[in-house]
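Q: Hi, could you walk me through this structure? I'd like to know what to trust and what holds the parts together.

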Amino acid sequence: MTQRLDQEIFGGYTPPGGEVPGPPKRRVFSNLFALLLSLAVVLGGAYGAYRIAAPVITNLVATDDYLGPGSGDVEVVVADGDSGRIIAAKLVRAGVVKTSSAFVDATNEESDLAKKIQPGTYTLQREMRAADALAWLADPKNRSVKRVTIPEGLWASEVFERLSKASGIPIKQYQAAAKDTKALGLPKAANGQVEGWLFPSTYEFGPKASATEQLKTMVDQAVKVMTDEGIPQSRWEEVMIMASIIESEAGTAADRKKVARVFYNRLENPQGETVGLLQSDATVSYGAKRRAVAPTPQEKADADNAYNTHVHKGLPPGPISNPGQVSIDAAVKPATGPWYFFVTTNPDSGETKFAKTYAEHQRNTEEFLAWCAANDEKC
């Protein structure tokens, strides 16, 4: 019975010894291949899904800000009027912050700090946290260059001294740069001289700015002021010379338009009491290259001094100082009045008195002489 059953199962074949053989080996291999194939399909699908999903996952978990603290040095210039977004873009280009949005978010969160950012050149590190970069910019001590203020009324030689002290560049380099009128962009009205065209203001020059670059910046500003005032170029020379005299002669800003009227009255009415002479003490002192409240009688009589307007009629050959905006305005729009004379009766306070006649002027001059007698070291 058993033998028959075995024969039925195995096709009537009974192996020697009566043992029943296992499943055919080819079936095992077929099953293993199917299993491996299925696993390969599953893994391939998983890898494909990973390649698609990985960037999305990375974007979801990535930050738009650097971890900091940063390394290396890089200079960033914050210009006057730069908004937070403009500063952010500059920081991104310099590699300081990772994204503009990170810095803008920091300025929104720390608006008080953002308001403290001043124009200037700053040395920051690359790959800083946006909040750290903001805090660094908000501290004026971190500006890479110091400001240099050029006050109104300085001579060009005095401007060179101020710039040299601030930059460490020798005065001789400024003197040489002043002669390269093409590089400075001096207008034709300047007649090749920088005097008058070094606009007084507060400047911040980068640590690598040359003497020529610094002077050019000042000349450009003077040209801008003349252009913005709408002054025809045909009048630039006259206006700049007159403005420089007003700057040097007026005791206070409030008097400048009246001082301008005095000089225009003398020029426009040469048959008046001054017969076309400006009689400006400041022009005499400039030509004599001596800073003084009043020139000496010998200096007033020196006809060899081309700037001596006590002797020579009309305007002097060129500006005698570097005037500011208020004096330029006064030269363009003088006050209306009949004055031919003025005198600063108290140079300490700047008090100035104006007169129509010479007799009246003499009385005012007596007050000045009394002040001089009490302040001999200043006259």
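**A chat about rings, cores and charges**

A: Happy to. Tyr174 is a good place to start: its relative accessible area is 0%, so Tyr174 is buried. Keep in mind that this is a predicted model.

Q: How confident is the prediction, in terms of average pLDDT?
A: The protein averages a pLDDT of 86, and 83% of the residues score at least 70. Confidence is highest in α8, at 98, and lowest in helix α1 (residues 2-9), at a mean of 41.

Q: Which stretch has pLDDT under 50, and how many contacts does the model have for it beyond four places in sequence?
A: Residues 1-16 stay under 50, and the model has 10 contacts for them beyond four places in sequence. Residues 53-61 are also below 50, with 0 contacts beyond near neighbours in sequence. Where pLDDT is low, the predicted coordinates should not be read in detail.

Q: Thanks. Now rings: how many aromatic pairs turn up in the whole structure?
A: The search finds 9 aromatic pairs. One of them joins Phe160 and Tyr174, with ring centres 6.3 Å apart and planes at 15 degrees, so this pair is stacked.

Q: Where do those two, Phe160 and Tyr174, lie?
A: Phe160 is in helix α7 (residues 156-167) and Tyr174 is in helix α8 (residues 171-179), so their pairing ties together parts that are 14 residues apart in sequence.

Q: And is Phe160 buried or exposed?
A: Buried: the relative accessibility of Phe160 is 7%.

Q: What sort of aromatic pair do Trp339 and Phe354 form?
A: A tilted one, at 5.7 Å centre to centre and with 50 degrees between the planes. Trp339 sits in the loop between α15 (325-332) and β5 (341-346), while Phe354 belongs to strand β6 (residues 351-355), so the pair ties together parts 15 residues apart in sequence. Trp339 counts as buried at 17% relative accessibility, and Phe354 counts as buried at 12%.

Q: Which residues do ring pairs link into a cluster?
A: Phe263, Trp339, Phe342 and Phe354.

Q: What lies over the face of Trp339?
A: Lys258 does, at 4.9 Å from the ring centre. Over at Trp155, Lys289 lies over the ring face, at 5.3 Å from the centre.

Q: Switching topic: how many residues are in the largest nonpolar core?
A: That core has 57 residues, and Leu163, Trp197, Leu198 and Leu215 have the most contacts inside it. Several elements give two or more residues to this core, including α7, α8, α10 (211-228) and α12 (256-268). Its largest share, 8 residues, comes from α11.

Q: What does Leu215 touch, leaving out residues up to four places away in sequence?
A: Leu215 touches Phe160, Leu163, Tyr174, Ala177, Ala178, Leu184 and Leu198. Both rings of the stacked pair, Phe160 and Tyr174, are on that list.

Q: How many residues are in the second, separate core?
A: It has 21, among them Ala88, Val96, Phe103 and Leu137.

Q: On to charges. How many salt bridges does the structure hold?
A: There are 13. One example is Glu204 with Arg143, where the closest N and O atoms are 2.6 Å apart. Glu204 lies in the loop between β4 (202-203) and α10, and Arg143 in the loop between α6 (130-138) and β3 (148-149), so that bridge ties together parts 61 residues apart in sequence.

Q: Is Glu204 buried, exposed or partly exposed?
A: Partly exposed, with a relative accessible area of 23%. Its partner Arg143 counts as buried at 19%, the cut-off for buried being under 20%.

Q: Where are Asp228 and Lys224?
A: Both are in helix α10, 4 residues apart, which is about one turn of the helix. Their salt bridge has its closest N and O atoms 2.7 Å apart. Asp228 counts as exposed at 55% relative accessibility, and Lys224 as partly exposed at 44%.

Q: One more: which residue does Lys378 meet in a salt bridge?
A: Asp348, at 3.1 Å from N to O. Lys378 lies in the segment after α16 (358-374) and Asp348 in the loop between β5 and β6, so this pair ties together parts 30 residues apart in sequence. Lys378 counts as partly exposed at 36% relative accessibility, whereas Asp348 is exposed at 52%.

Key: Residues are numbered from 1 along each chain as its sequence is written. This is a predicted model: local features need pLDDT of at least 70, side-chain atom pairs count only at pLDDT 80 or more; totals for chains, interfaces and linings use all residues. Side-chain values use heavy atoms; hydrogens and water are left out. Rings of Phe, Tyr and Trp (its six-membered ring) pair if their centres lie within 6.5 Å; planes under 30 degrees apart count as stacked, over 60 as edge-to-face and the rest as tilted. Buried means under 20% relative accessible area, exposed over 50%, partly exposed in between (1.4 Å probe, protein chains only). A charge sits over a ring if NZ of Lys or CZ of Arg is within 6 Å of the ring centre and within 35 degrees of the ring normal. A nonpolar core is a set of buried Ala, Val, Leu, Ile, Met, Phe, Trp, Tyr and Cys residues joined through side-chain atoms within 4.5 Å. Contact means heavy atoms within 4.5 Å. A salt bridge is a side-chain nitrogen of Lys or Arg within 4 Å of a carboxyl oxygen of Asp or Glu. pLDDT is the predictor's confidence in each residue, from 0 to 100.
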